[in-house]
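The following exercises are to be worked with the sequence and the model at hand. Each task is followed by a solution in steps.

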Amino acid sequence: MKILGIESSCDETAASVVEDGRTVLSNTVASSLEEHKLYGGVVPEIASRRHAESISGVVKQALEDANCTMDDIEAVAVTYAPGLIGALLVGVNFAKGLALASGKPLVPVHHLRSHIAANYISDADIEPPFLCLVVSGGHSHIVAVKDYTKFEIIGKTRDDAAGEALDKAGRTLGLPYPGGISIDRISPEGDDSAFSFPHPKMSSPYDFSFSGLKTAVINTVHNAQQKGEEIPVADLAASFQKGVVDCLIGNLEKAAVDFGYDKIVLAGGVSANSCLRRRAKEMCNNHNWSLKLPELRYCGDNGAMVASQGYFEYIAGVRADESLNAYATMPIDLATF
């Protein structure tokens, strides 16, 4: 069964054809990242315009790369929440038109669910239940994945996401955008114990807070600048990254122990972070837990993960009609349309 997946929640216009939820036949991405670098972050209006310009060609290329036509496609899956609302609307409206014109079912897909599904195309053997840490520029969640379409939020950030904190810290340190990737690249050159950053304690032991860490690194840099002191960029980057990863791994480990999970999965853009991947491996080795990591090419936004989750949603009977709307926010466990 071939599913066409369409993704436009942020700055990547992506489409993919995936067979039976796990075999990627094509994966086409058009990114406006280089344009956003000029502004140090994603500009929603620019992202929406580039989606509108690119989406038709990207979908056409995905079908051609898979050696398919719409006659070969069983259903059209599309990201409808959460994300930048203008960007989402481009993908949703294109998918609605394509599904209507081709007579194919339309399947709405939650963005975080599809990030988790990136693991299904990276590892053909993985299946629920498992505990998943979903970390990206806009989200930080610990999710109990009970089935392919059944999720329970165990913990989440109360303020900033881990990816956002890393990007903002990178910008404060004068590193190229995206700041999180730049921090990951420069951190091996620094001493991760050179600076100590706070580890916030929340009322729920599984929830996160990264605003304090972000403020701490900004204040550290500003204080050094005001005193005319040289800023040890590599040391600060390594120490800050360690602080973020400490929080993520610490809460994930506690949740796994408390809820009895021995199968751990990472998902989302920040799951590509080398320090997080290394620490997750160490944690799982210490407990004799299994660990599944998405391939690096599927960590960021892409159409393959949407098509993969779309397959499982389709099997579960999830459908939408021409009234489908886009939503900037929506919990992973309460996805509706």
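A residue is called buried when its relative accessible area is under 20%, exposed when that area is over 50%, and partly exposed in between (1.4 Å probe, protein chains only). The model is predicted: local features need pLDDT of at least 70, side-chain atom pairs count only at pLDDT 80 or more, and totals for chains, interfaces and linings use all residues. Residues are numbered from 1 along each chain as its sequence is written, and side-chain values use heavy atoms, with hydrogens and water left out. Helices (H or I, at least four residues) and strands (E, at least two) are DSSP runs, numbered from the N terminus.

**Exercise 1. Helix α2**

Task: Describe the span of α2, its bend and its buried residues.

Solution.

Step 1. The expected span of a helix is 1.5 Å times one less than its number of residues. Helix α2 covers residues 44-65, 22 residues in number, and 32 Å is expected for it; the distance from its first C-alpha to its last is 29 Å, close to that value.

Step 2. The bend at a residue is the angle between axes fitted to the seven residues ending there and the seven starting there. At Ser54, α2 bends by about 45°.

Step 3. The buried residues of α2 include Ile46, Ala47, Ser48, His51 and Ile55, together with Val58, Val59, Ala62 and Leu63. Their cover includes the strands β1 (2-7), β2 (12-19) and β3 (23-31), as well as the helices α1 (33-37) and α3 (85-102).

Step 4. His51 has a relative accessible area of 0% and is therefore buried. Contact means heavy atoms within 4.5 Å. With neighbours within four places in sequence left aside, His51 is in contact with Ser8, Cys10, Asp11, Glu12, Thr13, Ala87 and Val90.

Step 5. After α2 comes Asn67, which has a positive phi, near 55°.

**Exercise 2. The nonpolar cores**

Task: State which residues of the largest nonpolar core touch the most other members, and which element gives the largest share.

Solution.

Step 1. A nonpolar core is a set of buried Ala, Val, Leu, Ile, Met, Phe, Trp, Tyr and Cys residues joined through side-chain atoms within 4.5 Å.

Step 2. The largest core has 43 residues, and those touching the most other members are Leu131, Leu133, Phe240, Leu248 and Leu276. Elements giving two or more residues to this core include β6 (130-135), α5 (162-172), α8 (233-259) and α9 (274-287). Helix α8 provides the largest share, 12 residues.

Step 3. Residues touched by Leu131, not counting those up to four places away in sequence, include Ile142, Ile154, Leu252, Tyr261 and Val265. Apart from the largest core lies another, of 31 residues, among them Ala75, Leu112, Val145 and Val265.

**Exercise 3. The cysteines**

Task: Establish how many disulfides the structure holds, and whether Cys68 is buried or exposed.

Solution.

Step 1. A disulfide is a pair of cysteine sulfur atoms within 2.5 Å. A search of the whole structure finds zero of them.

Step 2. Cys299 is in no disulfide, the nearest cysteine sulfur being that of Cys132, 11 Å away. Cys299 counts as buried because its relative accessibility is 1%. Cys68, with a relative accessible area of 10%, is buried.

**Exercise 4. The aromatic cluster and helix α10**

Task: Classify the pairs that Tyr148 forms with Tyr120 and with Phe312, and describe the burial of α10.

Solution.

Step 1. Rings of Phe, Tyr and Trp (its six-membered ring) pair if their centres lie within 6.5 Å; planes under 30 degrees apart count as stacked, over 60 as edge-to-face and the rest as tilted. The structure holds nine such pairs.

Step 2. The ring centres of Tyr120 and Tyr148 are 5.1 Å apart and the planes stand at 70°, so this pair is edge-to-face. Tyr120 belongs to helix α4 (residues 111-122), whereas Tyr148 is in the loop between β7 and β8 (150-156), 28 residues apart.

Step 3. For Tyr148 and Phe312, the centres are 4.0 Å apart and the planes at 0°, so this pair is stacked. Phe312 is in helix α10 (residues 303-315), 164 residues from Tyr148. Both Tyr148 and Phe312 are buried.

Step 4. One aromatic cluster is formed by Tyr120, Phe130, Tyr148, Tyr311 and Phe312.

Step 5. In α10, 12 of the 13 residues are buried, so the helix is largely enclosed by the rest of the structure. Its end C-alpha atoms are 18 Å apart, which agrees with the expected 18 Å.
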